[in-house]
Amino acid sequence: MKYALVTGGSRGIGRAICLKLSAMGYSVLVNYQSNQEAAEETKQQIEANGGAAELLSFNVADGDAVDKVLSEWQLTHTEDYIAVLVNNAGIRKDNLMFWMSDNEWNNVLDTSLNGTFYTTRVLVKYMMTKKFGRIINIVSISGINGMAGQTNYAAAKAGVIGMTKALALETAKKKVTVNAVAPGFIETDMTQDLNQEELKKIVPMGRFGKAEEVAELVGFLASENAEYVTGQVISISGGL
């Protein structure tokens, strides 16, 4: 069986991606760190729609934990492999740089940048052996254009963009594609603290996007129809 792993899959964009990949026929591994209740809700929604899901709890920023959980999963699923990896886990700790603490800097980079490295490093070798894989990294417009108050978040996402382009060159001959999706302002828990009415004014389409719209793009990149698309960063931002 082919599985799809979505890190940070318990809510928001991650949950929408889990539901989309399940509808495409994948058994979905829903990763979460601490919010088990939200993860269970995602699993229940997948199963209510006729899909299959498992919960995998680990902190993507803990390389040893990532290795342990994913290696143990593979040992108990010897006939299966994770064909699609969506690196979605990320956190925001916004602040102006001259007020930013070491923890605010390090925690954001540890989750978004290091977490993407740890998870991808474990799974990419299986994809290359099977000669099929889809790695989709959820980045941000902030990692392309920058945003005041987000030097940590922008640096982390820009790092993932660089990783995406380099890894795509390493894996292309083994039919493993690596792409990044860069959302703009999307209606999720992560953007609840933002002033939507003001920010909508700078978005050409005049609205925030929906998590399901991001999931549709991820679904295409995860499909066999996207086998000639790799090393790309695709923005979904309403024209921002």
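This tour goes through three helix pairs, several salt bridges and one strand residue, in the order in which they may be selected.

The model is predicted, so local features are given only where pLDDT is at least 70 and side-chain atom pairs only at pLDDT 80 or more, while totals for chains, interfaces and linings use all residues. Residues are numbered from 1 along each chain as its sequence is written, and side-chain values rest on heavy atoms, with hydrogens and water left out.

Begin by selecting helix H1 (residues 12–23) and helix H8 (residues 211–222), whose axes come within 8 Å and cross at roughly 45°. Helices (H or I, at least four residues) and strands (E, at least two) are DSSP runs numbered from the N terminus, and axes are lines fitted to C-alpha atoms, for helices over the stretch in contact, with angles running from 0 to 180 degrees between N-to-C directions. H1 and H8 are therefore oblique to each other, given that angles under 35 degrees count as roughly parallel, over 145 as roughly antiparallel, 65 to 115 as roughly perpendicular and the rest as oblique. Their crossing is right-handed, a term for the near helix being turned clockwise from the far one by less than a right angle, with anticlockwise giving left-handed. On the H1 side, the residues to display are Gly12, Ile13, Ala16, Ile17, Lys20 and Leu21; their partners in H8 include Val214, Ala215 and Val218. Contact here means heavy atoms within 4.5 Å. By class, this contact has nine nonpolar, two polar and three charged residues, where Ala, Val, Leu, Ile, Met, Phe, Trp, Tyr, Cys and Pro count as nonpolar, Asp, Glu, Lys and Arg as charged, and the others, Gly among them, as polar.

Next, select helix H3 (residues 63–75) together with helix H4 (residues 102–130), which pack at an angle of about 30° with their axes 8 Å apart. That angle makes H3 roughly parallel to H4, and H3 passes H4 in a right-handed crossing. H3 contributes Gly63, Val66, Asp67, Leu70 and Gln74, and among the H4 residues that meet them are Tyr118, Val122 and Tyr126. The contact of H3 with H4 divides into six nonpolar, three polar and two charged residues.

Staying in H3, display the side chains of Glu72 and Lys68, which meet in a salt bridge (3.1 Å, N to O). The term denotes a side-chain nitrogen of Lys or Arg within 4 Å of a carboxyl oxygen of Asp or Glu. Because Glu72 and Lys68 are four residues apart in helix H3, they are separated by about one helical turn. Glu72 is partly exposed, with a relative accessible area of 42% (buried means under 20%, exposed over 50%, and partly exposed in between, with a 1.4 Å probe and protein chains only). The structure holds six salt bridges, including one between Asp94 and Arg92 (2.6 Å, N to O).

Return to H4 and add helix H6 (residues 151–171), which packs against H4 at an angle of about 15°, with the axes 8 Å apart. H4 and H6 are therefore roughly parallel to each other. Among the contact residues are Trp105 and Phe117 of H4 and Tyr153 and Met163 of H6.

Finally, select Ser235 in strand E7 (residues 233–236). Which residues does Ser235 contact, leaving aside its neighbours within four places in sequence? They are Ile141, Ile144 and Ala182. The C-alpha atoms of Ser235 and Val181 are separated by 5.9 Å, although the two residues are 54 apart along the chain.
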